[in-house]
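Here are my notes for you on this one. Have the structure open next to the text and click along as you read.

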Amino acid sequence: MAIHRLLSHKIQRWTLFFIIFLCIGIVLLWYLSDIVVQTQPIIMSSNSVKPQPESLTLKIKHSDIHAIKLSASGTTKTKPFGVLLLHGMRYSVETWLRLGTMSVLSDNGYLSAAIDLPGYGGSKDAAVPQTPEEKIELLSSVIAGLDLGRVVIVTPSMSGEYAIPYLLTNKLRALIALAPVSTETMRDLYQTIRVPLLVMIGSEDHGIGDRSLTDLKLVEGTQSIVVGGGSHSFYVDNPEILHRHMIEFLNKL
């Protein structure tokens, strides 16, 4: 009986120790697990973060050219060419940011960039090229510096002085012309050009708009849109209509 009591006492004691150690082990496991959970880094999907515009300064022939560049959104497949946005006399790169044009391009898979032309905005101190050849050279340097590849140029109004001569280079993927100037300077050459063109003008733009549309229709296959009630700067007054037709045109290239 004494031996039985002794064995029973030892079993109870070891059972107590086992329960105590088991409880301590469970507490330690819970504590360590909690530490791991709390210190595990949070990894955000790149698709959930939209790219932000990047401000750049291009050094071209001792002049500073201000540019804004925006990558394609990670939620869409990047298209194989970029879009370069020029501006009219009263505007700058900030116009395209304010209108949301660069965001629309990014959301639809297009890398885009906008520049302040020499004498304007952030490029106001840059030397202004005087000849068509100098303007072609400037755009070539800008496109190479921004790594836009075979680019689509969007050219409103005054910027036609740069974009229209660039048609001769055969380096354009396409041209979106928003009532650009200087179209009459190449009228004899348009029938030799094989570049997809979208021409958009406001119906009330009876000067530059009507003239640019008449001239650029000489390029084979040119698509044209006349915006009812639109002024010379119709795309500023109604950016949505530009965005819709621009993306439709780009997606078919």
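1. Let's start with a helix that has two sides to it. On one side of α4, away from its buried residues, E133 and A144 are exposed. "Exposed" here is over 50% relative accessible area, "buried" is under 20%, and partly exposed is what falls in between, with a 1.4 Å probe and protein chains only. Helices (H or I, at least four residues) and strands (E, at least two) are DSSP runs, numbered from the N terminus.

2. Before going on, a word on what you're looking at. This is a predicted model, where local features need pLDDT of at least 70, side-chain atom pairs count only at pLDDT 80 or more, and totals for chains, interfaces and linings use all residues. Residues are numbered from 1 along each chain as its sequence is written, and side-chain values use heavy atoms, with hydrogens and water left out.

3. Back to α4. Which of its residues are buried? They are K135, I136, L138, L139, V142 and I143. These residues cover an arc of only 160 degrees around the axis, which puts them on the same side of α4. The arc is that of the directions from the helix axis to the C-beta atoms.

4. What do those buried residues of α4 pack against? Their neighbours are the strands β1 (54-60), β2 (63-70), β3 (83-85), β4 (112-115) and β5 (152-156), plus the helix α5 (160-166). Contact means heavy atoms within 4.5 Å.

5. The dimensions of α4 are worth a look too. It covers residues 132-145, so 14 residues, and spans 20 Å from its first C-alpha to its last, close to the 20 Å expected at 1.5 Å a residue. That expected span is 1.5 Å times one less than the number of residues. After α4 comes D147, with a positive phi near 55 degrees.

6. Now find β5, one of the strands that α4 packs against. Five of its five residues are buried. V152, V154 and P156 sit on one side, with I153 and T155 on the other, and both faces are covered. If the zigzag puzzles you: in a regular strand the side chains alternate between the two faces of the sheet.

7. Who are the partners of β5? It pairs with β3 in the parallel sense over three bridges, and V83 has V152 as its bridge partner. It also runs parallel to β6, joined by five bridges, where T155 is matched with A177. Two strands pair if DSSP finds at least two bridges between them.

8. Follow the chain from β5 through α5 to β6 and you have a right-handed β-α-β unit. Right-handed means that, with the strands pointing away from the viewer, the path from the first strand over the helix to the second runs clockwise.

9. Helix α6 (residues 208-216) invites the question we asked of α4: which residues are buried? In α6 they are G209, S212, L213, D215 and L216. Seen down the axis, they fall within an arc of 165 degrees, so they line one face of the helix. Their cover includes α5, β6 (174-178), β7 (197-202) and β8 (223-227).

10. Over in α8 (residues 239-251), look for L242. Its relative accessible area is 0%, so L242 counts as buried. Leaving out residues up to four places away in sequence, L242 touches W96, L178, M200 and Y235. L178 is 64 residues away along the chain, yet the two C-alpha atoms are separated by 9.2 Å.

11. H245 lies in α8 as well. At 18% relative accessibility, H245 is counted as buried. Beyond its neighbours within four places in sequence, H245 is in contact with L198, M200 and I225.

12. Two loop residues deserve a click. H62, in the loop between β1 and β2, has a positive phi near 65 degrees without being a glycine. Is H62 buried or exposed? It is exposed, at 85% relative accessible area. A179, in the loop between β6 and β7, has a positive phi too, near 50 degrees, but A179 is buried at 0%.

13. Finally, zoom out. The protein chain has eight helices and eight strands, and 44% of its 253 residues count as buried. Among contacts between residues at least 6 apart in sequence, 65% join residues at least 24 apart.
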